[in-house]
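Got the viewer open and a selection box ready? Let's take a walk through this model, one stop at a time.

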Amino acid sequence: MGDGDTIRVTGTTRANKTTVRLACIDAPETSQAPYGNDARRALQGELAIGSEVSLRTKATDRYGRTVAEVLRGSTNINQALVQSGVAFVYWQYIEGCDRETYSRLENEARLKSLGVWAVPGGIQRPWDYRKSRKAGSGSNNQPTGASKPGYSGSRYKCKQIGSWARAQELLKQGHSYLDRDGDGEACERLR
């Protein structure tokens, strides 16, 4: 198991291993502390090593992974992760999944403030997080929309944030790059 939305499945022979990307959901990246690790642990809790699963295959992604809904008995693991608030519905790739059910489960998790929804508006979405990491630090200007309440789409710089308390809030929302030394405190110089 890699992160909160990818598993390795062994077929009838040990040599027959498949990497499966869970369809229609996107879990926080492992580096989006603590939410990425929470998603990974939740997935491990749902699928202990040796669990028997069946797959509802949707596609093969550009990395050669099978994209599927994973079922353990009658439990749809993808939906269970959204319901518990450790994963988002991946609206860009919802095709082939039960859109209404996923929407309802995400909305319920948000209303109950579960997992990623404990932060008003949710943490930075994994797809935005990956995009911002790929783009690097960008310009010295304030990120687009940064003044909006609940904004979580761009990379911040400590000098743009203005206060130590706000930096800690952003760290909790998944902006782990603000904690350069990994000690659990963001932008120490603002203190």
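Two strands count as paired here if DSSP finds at least two bridges between them. Keep in mind as you click around that this is a predicted model.

**Stop 1: the strands**

Select strand 1 (6-10) together with strand 2 (17-22). These two pair in the antiparallel sense, with five bridges between them. Now pick out Thr6 and look across to strand 2: the residue standing opposite is Arg21. Hold on to Arg21, as we'll be back for it shortly.

Next, add strand 5 (residues 66-72), which pairs with strand 2 in the parallel sense over three bridges. To find your place there, show Val20, which has Thr66 of strand 5 opposite. If you turn on side chains while you're here, remember that in a regular strand they alternate between the two faces of the sheet.

**Stop 2: salt bridges around Arg21**

How many salt bridges does the structure hold? There are 10, and a good one to start with is Asp5 with Arg21, whose closest N and O atoms are 3.6 Å apart. Asp5 sits in the segment before strand 1 and Arg21 in strand 2, so this pair ties together parts that are 16 residues apart in sequence.

Is Asp5 buried or exposed? Its relative accessible area is 3%, so Asp5 is buried, the cut-off being under 20%. Arg21 also counts as buried, at 9% relative accessibility.

Now show Asp26. Its side chain meets that of Arg21 in a salt bridge too, at 3.2 Å from N to O, and Asp26 is buried as well. Widen the selection to Asp5, Arg21, Asp26, Glu29 and Arg130: salt bridges with shared partners join these residues into one network.

One more bridge to click on is Arg65 with Asp61, at 2.6 Å from N to O. Asp61 is buried, with a relative accessible area of 18%.

**Stop 3: the largest pocket**

Switch on a surface and find the largest pocket, which holds about 800 Å³ of space. Its lining has 25 residues, and the closest to the centre are Arg62, Arg65, Tyr90, Tyr93 and Arg130. You've already met Arg65 in the bridge to Asp61 and Arg130 in the network.

Which elements should you colour to see the lining? Strand 2, strand 3 (25-26), strand 4 (54-60) and helix 4 (126-135) each supply at least two residues. Helix 4 gives the largest share, four residues. Colour the lining by class and you'll get 13 charged, 10 nonpolar and two polar residues.

**Stop 4: the aromatic rings**

Finally, select Phe88, Tyr90, Tyr93, Trp117 and Trp127, which form one aromatic cluster. The structure holds four aromatic pairs. For Phe88 and Trp117, the ring centres are 5.3 Å apart and the planes stand at 75 degrees, so the pair is edge-to-face. Phe88 lies in strand 7 (residues 88-89) and Trp117 in the loop between helix 3 (99-111) and helix 4, so the contact ties together parts 29 residues apart in sequence. Phe88 is buried at 1% relative accessibility, and Trp117 is buried at 6%.

Then move to Tyr90 and Tyr93, another edge-to-face pair: 4.9 Å centre to centre, with 75 degrees between the planes. Tyr90 counts as buried at 12% relative accessibility, whereas Tyr93, at 48%, counts as partly exposed. Leave these two tyrosines on screen and bring the pocket back, since both are among the residues closest to its centre.

How values were computed
Residues are numbered from 1 along each chain as its sequence is written. This is a predicted model: local features need pLDDT of at least 70, side-chain atom pairs count only at pLDDT 80 or more; totals for chains, interfaces and linings use all residues. Side-chain values use heavy atoms; hydrogens and water are left out. On a 1 Å grid over the protein atoms alone, a cavity is a set of points where a 1.4 Å probe fits but cannot get out, and a pocket is an open set with protein on both sides within 12 Å along at least five of seven lines; lining residues have an atom within 4 Å of a point. Grid points are joined across faces, edges and corners, and a volume is the space filled by probe spheres set on the points. Ala, Val, Leu, Ile, Met, Phe, Trp, Tyr, Cys and Pro count as nonpolar, Asp, Glu, Lys and Arg as charged, and the others, Gly among them, as polar. A salt bridge is a side-chain nitrogen of Lys or Arg within 4 Å of a carboxyl oxygen of Asp or Glu. Buried means under 20% relative accessible area, exposed over 50%, partly exposed in between (1.4 Å probe, protein chains only). Rings of Phe, Tyr and Trp (its six-membered ring) pair if their centres lie within 6.5 Å; planes under 30 degrees apart count as stacked, over 60 as edge-to-face and the rest as tilted.
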